[in-house]
Amino acid sequence: MRLINNNSENVAFAHTLLEIRSNPNETAELPSAFNKCANLDELICLVYPHLEEVTTASTTYLTERTILSARNEDVNIINIQAMANI
């Protein structure tokens with residue numbers, strides 16, 4: 001991932017990611033600016049609102065939004081759940 005836009009929010013986000021990466025512990029305290037979801041369904045609905053509507057699920061709509069994950073098995077779970085909503 002590359003930081004293209006150097007506005008202050010993007011720079012702060014990049015610094016937070018670097019801090020999390022360099023943290024030797026398994027857990028990290030996220031800043032209040034980060035959106036936190038209670039479960040996977042809430043996350044998918046936040047990133048892809050109205051996904052269940054036929055007109056919403058266009059390729060443009062889907063490629064403008066992204067859920068990042070570190071592990072492929074998590075990506076597969078997210079994809080299966082999102083596809084179930086379509």
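Is Arg65 buried, partly exposed or exposed? Arg65 is partly exposed, because its relative accessible area is 25%, a value between the 20% and 50% limits. Good morning, colleagues. Please keep in mind that the model before us is predicted.

Let me begin with the overall division of the chain. The domain assignment gives two parts, domain 1 (1-35) and domain 2 (37-85). Their C-alpha centres lie 22 Å apart.

I turn to helix 1, which covers residues 8-22. Thr16 is found in this helix. With a relative accessible area of 16%, Thr16 is buried, since the limit for that class is under 20%. The Thr16 side chain reaches the backbone oxygen of Ala12 at a distance of 3.0 Å. Leaving aside residues up to four places away in sequence, Thr16 touches Pro31 and Phe34.

Arg21 also lies in helix 1. What is the exposure class of Arg21? Its relative accessible area is 67%, so Arg21 counts as exposed; the threshold for that class is over 50%. As a reference for distances, consider Arg21 and Leu46: 25 residues separate them in sequence, and their C-alpha atoms are 25 Å apart in space.

Next, the surface. Which residues form a nonpolar patch there? The members are Phe13, Leu17, Ile20 and Leu30, and together they have about 280 Å² of accessible area. Leu30 is placed in the loop between helix 1 (8-22) and helix 2 (40-47). Leu30 counts as partly exposed, because its relative accessibility is 32%. That value also meets the patch criterion, which asks for over 30%.

We now move along the chain to helix 2, where Val47 is found. Val47 touches Arg65, Thr66 and Ile67, when residues up to four places away in sequence are not counted. Val47 and Glu64 are 17 residues apart along the chain, and the distance between their C-alpha atoms is 9.9 Å.

This brings me to the charged pairs. Side chains of opposite charge can pair when their charged atoms come close. How many salt bridges does the count give? The count comes to three. One of them joins Arg65, the residue of my opening question, to Glu64, with the closest N and O atoms 3.6 Å apart. That separation satisfies the rule, because the cut-off is within 4 Å. Glu64 is exposed, as its relative accessible area is 59%, whereas Arg65, at 25%, is partly exposed.

Arg71 takes part in further pairing. The side chains of Arg71 and Glu73 meet in a salt bridge at 3.5 Å, N to O. Asp74 forms a salt bridge with Arg71 as well, and here the closest N and O atoms are 3.1 Å apart. Arg71, Glu73 and Asp74 are thus linked in a network of salt bridges. Regarding accessibility, Arg71 is partly exposed, because its relative accessible area is 45%. Asp74 counts as partly exposed too, at 25% relative accessibility.

To review briefly: in helix 1, Thr16 is buried and Arg21 is exposed. Phe13, Leu17, Ile20 and Leu30 make up a nonpolar surface patch. Val47 of helix 2 has Arg65 among its contacts, and Arg65 in turn is bridged to Glu64. Arg71, Glu73 and Asp74 form a salt-bridge network. Thank you for your attention.

Methods: Residues are numbered from 1 along each chain as its sequence is written. This is a predicted model: local features need pLDDT of at least 70, side-chain atom pairs count only at pLDDT 80 or more; totals for chains, interfaces and linings use all residues. Side-chain values use heavy atoms; hydrogens and water are left out. Patches are made of residues with over 30% relative accessible area and no salt bridge: like charges are joined within 9 Å, nonpolar side chains (Val, Leu, Ile, Met, Phe, Trp, Tyr) within 5 Å. Accessible areas come from the Shrake-Rupley method with a 1.4 Å probe; for residues, only the protein chains shown count as cover. Helices (H or I, at least four residues) and strands (E, at least two) are DSSP runs, numbered from the N terminus. Buried means under 20% relative accessible area, exposed over 50%, partly exposed in between (1.4 Å probe, protein chains only). Domain bounds come from an automatic or database domain assignment. A polar contact is a pair of N or O atoms within 3.5 Å; within protein, one must be able to donate a hydrogen and the other to accept it, and residues adjacent in sequence count only if both atoms are side-chain atoms. Contact means heavy atoms within 4.5 Å.
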